[in-house]
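Trainee: Please take me through one part of this model in close detail. I would like the C-terminal helix and its surroundings first, then how the rest is put together.

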Amino acid sequence: MMKKKFFICLFIFLSFPLSILFASDQFEPDNSIDQASLIHLTNINGVNEFQDDTIQIHDFTNSNDVDWVRFYVTESVRYKIEADPEPSSQCDPGIEIFDSDGQPLHEDNIKPSGEIESIEWTASSTGLRFAKIYQCTNSNCNPQYGPQNAYALILSKTEASAAFGYITGKISPCIDSVNAANTRIITQHNQLIYGEASLLEECYFFMTNEAGKFQLNVQVVGFIPYSCEINVPEIGIVDNNVVIQKKPELRDVIHLMRYLGFEKNK
Ligand SMILES: [Ca+2]
Ligand SMILES: [Ca+2]
């Protein structure tokens, strides 16, 4: 009996510090550019009804933890990305922005632990960008780790006319093939990509996008690509449900040809 108690105590003693040591935020693994998670615009000028879908809460698990995100920008628009330590958090984030090829564009790492780090810049072209958020570990910094030292990551447009819209919808049929690995939902105009949607539970999707007319393109592996024109309102929502159809398989094509009499005429 004593032996059993000893093992239970030993198990609790060992598992408690391990759970702290290996705690990680919900966006992990995201330690490399190809693992970057998608982040959407937050409306900082008014009511933000999609706060949970746009503001991301991250933390640094240990000194090897960096957090990569990806997002889309529009040429000549001014953006801000900020890493804002949560109340009582003492993490010390630094931020670096990269272009679509992974080339560094801007970096900022000047504020002490617990203070907001941010970069404001004007996009030189439309398309994909990346940000790497890292904990400052040099001799002037005071890095603090774990979920109690979390930070909020916020991407926004900064000028008075910084309006944008939201695109939501549901893909049906909602089957196993409609998953994050197989599905890509983007907006395009004149061949340029302006935004990408996150696939949520039950095949719902969500994204932020410039206001105006765009092509919404949905690709699910094994299904015929879906495309439609959408008109995105300023700080409004366009709800666009998507019905996808399976690509015909070779045996279906042969069956169809037989049905149409191709076999008879041979
Ligand atoms: Ca992290
Ligand atoms: Ca990470």
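Mentor: Gly261 follows helix H3. Its phi is positive, near 95 degrees. Helix H3 itself covers residues 250-259. Of its 10 residues, the number buried is zero, so the helix lies largely in the open.

Keep in mind that this is a predicted model. Mean pLDDT for the protein is 89. A pLDDT of 70 or more is reached by 88% of the residues. Residues 8-20 are another matter: pLDDT stays under 50 there. For that stretch the model has one contact beyond four places in sequence. Where pLDDT is low, the predicted coordinates should not be read in detail.

Now the wider setting of H3. The protein's secondary structure comes to three helices and 18 strands. Of its 266 residues, 26% count as buried. Take the contacts between residues at least 6 apart in sequence: 71% of them join residues at least 24 apart.

Next, an open sheet. Four strands form it, in the order E12-E11-E15-E16, with antiparallel pairing. At its edges stand E12 (192-196) and E16 (226-232). Each has a single partner strand, so one side of each is left without a neighbour in the sheet. On average, neighbouring strands here are turned by 35 degrees against each other, direction ignored. Look at one pairing in detail. Strand E11 (residues 183-189) is joined to E12 by four bridges, and the two run antiparallel. Gln188 has Ile193 of E12 as its bridge partner.

Then the interior. The largest nonpolar core has 40 residues. Val69, Leu153 and Leu155 touch the most other members. Several strands each supply at least two residues of this core, among them E3 (66-73), E4 (78-85), E8 (127-135) and E9 (151-157). E10 (165-172), E14 (204-209) and E15 (212-220) do so too. E15 thus appears in this list and in the open sheet. The largest share, five residues, comes from E3. Both domain 1 (24-157) and domain 2 (165-243) contribute, with at least three core residues from each.

Finish with Val69. Leave out residues up to four places away in sequence, and Val69 touches Ala36, Ser37, Ile39, Ala131 and Leu153. Leu153 is one of the three that touch the most other core members, as is Val69.

How values were computed: Residues numbered from 1 in each chain as written. Chains lettered and ligands numbered in written order. Predicted model: local features only at pLDDT ≥ 70, side-chain atom pairs only at ≥ 80, totals over all residues. Core = buried A, V, L, I, M, F, W, Y, C linked by C-beta atoms within 7 Å. Buried ≥ 20, exposed ≤ 12 C-beta atoms within 10 Å, placed from the backbone. Domains from an automatic or database assignment. Contact = placed C-beta atoms within 7 Å. pLDDT = per-residue confidence, 0-100. Pairing = 2+ DSSP bridges. Axes fitted to C-alpha atoms, helices over the stretch in contact; angles between N-to-C directions.
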